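Trainee: Please choose one part of this model and look at it closely with me, giving the cut-off behind each term as you reach it.

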Amino acid sequence: MSRVVIVGGGAAGLELASMLGKSAGKKHEIVLVEPETHHYWKPRFHEIAAGTFDSDLDTVCYFSHGAKHGYMHYQAWMQDIDRDHKQLVVRKPNGETDQLAYDYLVIAIGAISNDFATLGAKEHCLFLDTPEQARHSWQLISTLLRSGGHRSVNIVGAGATGVELAAELAKVSEQLSSNPHAAKLQINLIEAADRILPNSPVKMSTQALSKLENHGIKVMLNTRIAAVENDGMTTSDGLHINADIQFWAAGIKAPDWLKNIGGLATNRLNQLEVEQTLVTTTDDSIFALGDCAAIPQANGTMVPPKAQAANRAAVHLAKSLTGKLNGQDLTPFVYKDGGMVVAIGHNFAISTMMNDRLILQGSLVRRLYDTIFRLHQKTVSGLLTMSRLIIIKRLKCIFKPSTN
Ligand SMILES: Cc1cc2nc3c(=O)[nH]c(=O)nc-3n(C[C@H](O)[C@H](O)[C@H](O)COP(=O)(O)OP(=O)(O)OC[C@H]3O[C@@H](n4cnc5c(N)ncnc54)[C@H](O)[C@@H]3O)c2cc1C
């Protein structure tokens, strides 16, 4: 019997634990090391920050889920690796340090925001890297909404995270517009590039921009932030942009503590360097996937850091590692990009498809955005549970009494 230790129960790690638990959990020991008690799908953190997330229906309790799906949840933070003795060093919630032996180790701890060492960003900006940070953001937004008058929110970075957050906050402010005590939020979305969603086709950026502007969001392009202060931020041109609350959503990197951990090779973003099989370039018993891994493709490109890529890598590694446990060779992960969907509020989304040749938008595309989350839910909990959750959510929307 081998022990596979998976670190991080996010988009990649939880899918991997669920699938490996099913395919290998009876013969081998599958352990998921994750500090949180519940799994939240990260692409929905902006909904937690805007107070629109349903935590009753859309979270998974690792402890009970693991018992049903063939893995064990070990609540702890990974801290280090002792590769000579194949031990993972962890810190438990009570502060104690422990060591966990592994035969195979899979690291899927995700990424954090990259503030590019901008002066004052750490001290004065909110980040959406953990559920805790997202919940804290909602506490502050909720207080701001209750404070009346005209208030403003700065969001740095107009990638998917910044755009979705800006739209969600604008929507919440619009919904409260008939309440005379509610603050009116001015959202400033600040981007250094010359268009929003800079990694998407130009047409998608243009359509998303016009939708954001319809919601009253002020989009500032070609604007680089030089410093963040308590009451706003200053651009490299010396312009001060006032705000009551500020978010940093520009760029990602793996956490600094991952840099060369246990002597493993990492790149300038602290991501673990892996082969196309997802095994690290330094140690053939350690794997990495998701946002914390630099995954090369045969054509010289790298797999992008997004949920879809994390999910597909997890599906691949579940099969490949099950084969390895049965004495077979690892297989290379070939990533085929299925396009991108960006939600702009609850009833609208824009997507690219067919290698960016087709751009769709509208409320039906918003359903497609939900489908991506539902597919994750199906992989993690099965078709029956996913279907039940969709029905309960529908019924809840129909029968929930209005509080207005
Ligand atoms: C607001 C927001 C919106 C987004 N929207 C989109 C979108 O529309 N489309 C898209 O494709 N992508 C989107 N993303 C990016 C997407 O969420 C990530 O690419 C994806 O979640 C990466 O999956 P992962 O498994 O690598 O990491 P994560 O899903 O981040 O999971 C990492 C897990 O590791 C755990 N962990 C962290 N540190 C430790 C430690 N020391 N020890 C043990 N466990 C640890 C964390 O608690 C977490 O559960 C969005 C991200 C954000 C923040």
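Mentor: Two strands are said to pair if DSSP finds at least two bridges between them, and the strands themselves (E, at least two residues), like the helices (H or I, at least four residues), are DSSP runs numbered from the N terminus. The model is predicted, so local features need pLDDT of at least 70 and side-chain atom pairs count only at pLDDT 80 or more, whereas totals for chains, interfaces and linings use all residues. Residues are numbered from 1 along each chain as its sequence is written, and side-chain values use heavy atoms, with hydrogens and water left out.

With pairing defined, a hairpin makes a simple preparation for the sheet: strand β23 (residues 349-353) and strand β24 (residues 358-362) run antiparallel and are joined by five bridges, one of which sets A349 against G362 in β24. Four residues separate the two strands of this hairpin, and M354, in the turn, has a positive phi of about 45°.

The part I would look at closely is an open sheet of five strands, whose order is β5-β2-β1-β9-β20 and whose pairing is parallel. Its edges are β5 (72-74) and β20 (286-288), each of which pairs on one side only. From one strand to the next the twist averages 20°, where axes are lines fitted to C-alpha atoms, for helices over the stretch in contact, and angles between N-to-C directions run from 0 to 180 degrees.

Within this order, β1 (residues 3-7) and β9 (residues 104-107) pair in the parallel sense over four bridges, and V5 stands opposite L105 in β9. When you follow such a pair by eye, remember that in a regular strand the side chains alternate between the two faces of the sheet.

Helices also pack here, and contact in this setting means heavy atoms within 4.5 Å. Helix α1 (residues 13-24) lies across β1, β2 (29-33) and β9, and runs at about 165° to β2. Helix α8 (residues 307-325) packs on the sheet as well, touching β1, β9 and β20, and its direction makes about 170° with that of β9. Strands β1 and β9 therefore appear in the contacts of α1 and again in those of α8, while β20, an edge strand, is among those that α8 touches.
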